[in-house]
Amino acid sequence: MKNVYSFYKENIEAYTRRSNSLKKKIHLMGSIRLALVAALICCIWLLRNESPLLLTIVTIAFIIPFALLMWYHNKLYAKKEYSEALIKLNTNELNGLDYDFSAFDGAPEKSSSEHDFSLDLDLFGNRSIFQSVNRTVTIFGRELLASWFMSPLTQKEAILKRQEAVKELSTLSGLRQHFYVTGIKQTGSKNDLQMLSTLVNGKLMFANSPLWKALVWIVPGLWLLITTACLLNIISYSVLSIYLLISLFIAYLRSKQINNLYNSVDKMNKIFSIYSKLMESIEGDQFQSSELISISKELSHTDGTASHTIKKLSQYIGGLDQRFSAAGIILNILYLRDTRFAISLEKWKMEHADHIKHWIDALAHFDALSSLGGFAFNHPDYIYPDIANNYFEMEGKALGHPLLNRDVCIKNDINIEKSPWFLIITGANMAGKSTYLRTVGVNYLLACIGTPVYAESLTVYPAKMVTSLRTSDSLVSNESYFFAELKRLKMIIDRLQQGEKLFIILDEILKGTNSIDKQKGSIALMKQLVSYKTCGIIATHDLVLGNLEKEFPEQIKNYRFEADIKDDELSFSYKLREGIAENMNACFLMKRMGITI
């Protein structure tokens with residue numbers, strides 16, 4: 001971790017020096033341009049009585065270096081913005097190492113009580129697992145990464161392939177940071193997918209029309225011919241005026257169709273320009289892992305590279321974006337500029353409509369993988385788990401929760417070596433049961449996504465995980481807490497009956513009913529789960545469930561988290577121990593708070 005901290009601190013220092021140097025150069029360029037303007041004014045004043053030709057030559061002599069300095073200034077400014085973005089990123093990453101992820105998107109809208117585990121494991125939202133991992137810069141990458149969290153891999157080969165890509169990207173910090181600061185300028189919106197679909201599927205208005213393809217050459221040709229004839233006094237200037245009206249009519253005859261075409265990709269020229277730069281950064285033969293090689297190859301085609309082709313698309317859309325500017329209107333009258341761009345855009349659609357979806361998918365794939373690579377880089381003490389072949393196995397040493405401070409996090413083991421097998425965790429309030437369940441669930445999820453996990457060692461079988469840790473009632477659905485619990489449990493039973501292989505994590509089931517029914521129901525449920533040969537963990541305050549180990553010694557194992565009371569003081573070790581809990585602390589805490597027992 002010291003090396004990771006040093007990496008970000010050194011980057012901040014280096015990019016700060018670069019930014020300060022660029023600011024000085026930008027200031028110098030501004031001063032020189034100001035001096036050129038002042039010198040030009042002085043020269044014009046001194047030469048005011050000279051010939052117009054001399055004044056024109058002098059003016060041009062000053063304008064050319066001024067324009068070159070302006071171009072150089074813009075380049076320096078872009079470099080300064082790039083350096084400042086890197087400073088911000090490295091500062092945010094440094095904060096993230098200390099568990100402040102507020103600078104990054106946690107996708108809070110993805111959290112759902114209907115999902116198998118996202119709400120229970122604090123997967124999305126502020127200070128969530130997703131927020132700690134997510135560094136995506138495209139809307140497509142964000143959606144893909146969220147889908148990986150909600151639907152983790154269940155095939156060993158796919159997980160190992162993902163691990164290979166994540167390992168490689170964890171070493172490519174320069175590429176990951178360049179990708180982030182390039183893409184974060186324009187992340188896009190959820191409407192982009194609809195616009196892409198409209199662009200690809202829209203009707204062709206100009207590219208298949210011989211008339212309009214001819215007119216884009218005839219109109220400027222006649223302008224040249226008529227203007228030349230007027231200058232040579234062959235025809236009257238009134239002809240030029242008449243042709244102006246004709247050109248204006250032709251130029252805007254199909255303006256509605258051109259506007260519709262532009263509106264289908266409104267403002268996407270900037271997004272496509274960014275996508276082009278992002279694609280350019282990952283094209284070529286620079287990768288070793290099969291998944292990254294596949295992405296890079298997807299961005300190449302027989303006509304060149306995806307980045308170059310997408311850049312052309314950006315230019316065509318940008319050209320249409322300028323159609324109502326003064327220059328755009330004049331050029332449209334002179335040589336049907338809008339129609340030319342419309343034809344170019346439609347030709348692009350004809351040639352590349354089948355490719356763009358694959359290119360965007362490849363870009364999103366790399367975007368999501370880059371986040372996982374950054375997560376691996378930020379946690380060099382994490383390990384890549386082994387993936388088991390047979391249902392079910394989960395054996396781990398010293399598992400910790402990624403969101404708990406590494407300096408105080410208490411780590412525990414887990415051992416489920418066959419099916420059916422259930423761990424029954426008993427213990428007092430605040431002793432660590434729920435934290436343990438989430439620790440197991442989160443590391444299990446990370447393992448199935450293909451990232452490293454917070455453990456000394458871990459072997460898992462990638463079954464589908466289902467949890468019930470945070471059931472809630474619903475006033476909108478007129479649904480009681482107990483009924484919501486039953487619905488959740490029924491969903492699990494139904495899936496087991498359908499033959500699904502699940503990994504189940506339950507916390508204090510049936511707590512929405514009276515203690516007698518709760519006890520009877522819990523015991524009946526555990527027996528049913530064992531009969532379906534499934535595996536998982538259940539935490540409970542009900543010590544009677546511990547007796548099930550005697551009835552099912554080959555399928556159930558008791559563990560506990562103890563509350564230690566010594567010299568009228570309550571303490572917790574948060575360490576998992578074998579057996580049934582011996583100390584409960586509810587009465588003790590009530591007395592300490594002045595509540596009479």
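The exercises below work through a predicted model of one protein.

Residues are numbered from 1 along each chain as its sequence is written. Local features need pLDDT of at least 70, side-chain atom pairs count only at pLDDT 80 or more, totals for chains, interfaces and linings use all residues, and side-chain values use heavy atoms, without hydrogens and water.

**Exercise 1. Confidence**

Find where in the protein confidence is lowest and where it is highest.

Solution. Step 1: pLDDT is the predictor's confidence in each residue, from 0 to 100. The protein averages 87, and 90% of the residues score at least 70. Step 2: helices (DSSP runs of H or I, at least four residues) and strands (runs of E, at least two) are numbered from the N terminus. The lowest confidence is in helix 20 (residues 586-592), with a mean of 55, and the highest is in helix 3 (residues 129-133), with 97. Step 3: over residues 472-478 the pLDDT is below 50, and this stretch has 6 contacts (heavy atoms within 4.5 Å) beyond near neighbours in sequence. Where pLDDT is low, the predicted coordinates should not be read in detail.

**Exercise 2. The sheet of 4 strands**

State the strand order of the open sheet of 4 strands, and name its edge strands.

Solution. Step 1: two strands pair if DSSP finds at least two bridges between them. The order is 3-7-4-5, with mixed pairing. Step 2: strand 3 (386-387) and strand 5 (412-416) are the edge strands, as each pairs on one side only. Step 3: strand 4 (residues 394-399) and strand 5 run antiparallel and are joined by 4 bridges; Met-394 stands opposite Ile-416 in strand 5. Step 4: helix 16 (residues 433-449) packs on this sheet and touches strand 3, strand 4, strand 5 and strand 7 (457-460). The direction of helix 16 makes about 115° with that of strand 4 (axes are lines fitted to C-alpha atoms, for helices over the stretch in contact; angles run from 0 to 180 degrees between N-to-C directions).

**Exercise 3. The sheet of 6 strands**

Which strands stand at the edges of the open sheet of 6 strands?

Solution. Step 1: the order is 8-9-10-6-11-14, and the pairing is mixed. Step 2: strand 8 (464-468) and strand 14 (577-578) are at the edges; each has a single partner strand, so one side of each is left without a neighbour in the sheet. Step 3: strand 6 and strand 11 (residues 556-561) run parallel, joined by 6 bridges, and Gly-427 stands opposite Phe-561 in strand 11. Step 4: helix 16 also lies across strands of this sheet, among them strand 9 (502-507), to which it runs at about 160°.

**Exercise 4. Backbone angles**

Locate the cis peptide bond that ends at Phe-392 and the one that ends at Pro-420.

Solution. Step 1: most residues other than glycine have a negative phi, and most peptide bonds are trans. Step 2: the bond from Tyr-391 to Phe-392 is cis, with omega near 5°; Phe-392 is in the loop between strand 3 and strand 4. Step 3: Ser-419 and Pro-420 are joined by a cis bond with omega about -5°, and Pro-420 lies in the loop between strand 5 and strand 6 (421-427).

**Exercise 5. A salt bridge**

Explain why the pair Glu-109 and Arg-142 ties together separate parts of the sequence.

Solution. Step 1: a salt bridge is a side-chain nitrogen of Lys or Arg within 4 Å of a carboxyl oxygen of Asp or Glu. The structure holds 19 of them. Step 2: Glu-109 and Arg-142 form one, at 2.8 Å from N to O. Step 3: Glu-109 lies in the loop between helix 2 and helix 3, and Arg-142 in helix 4 (residues 139-150), so the pair ties together parts 33 residues apart in sequence.
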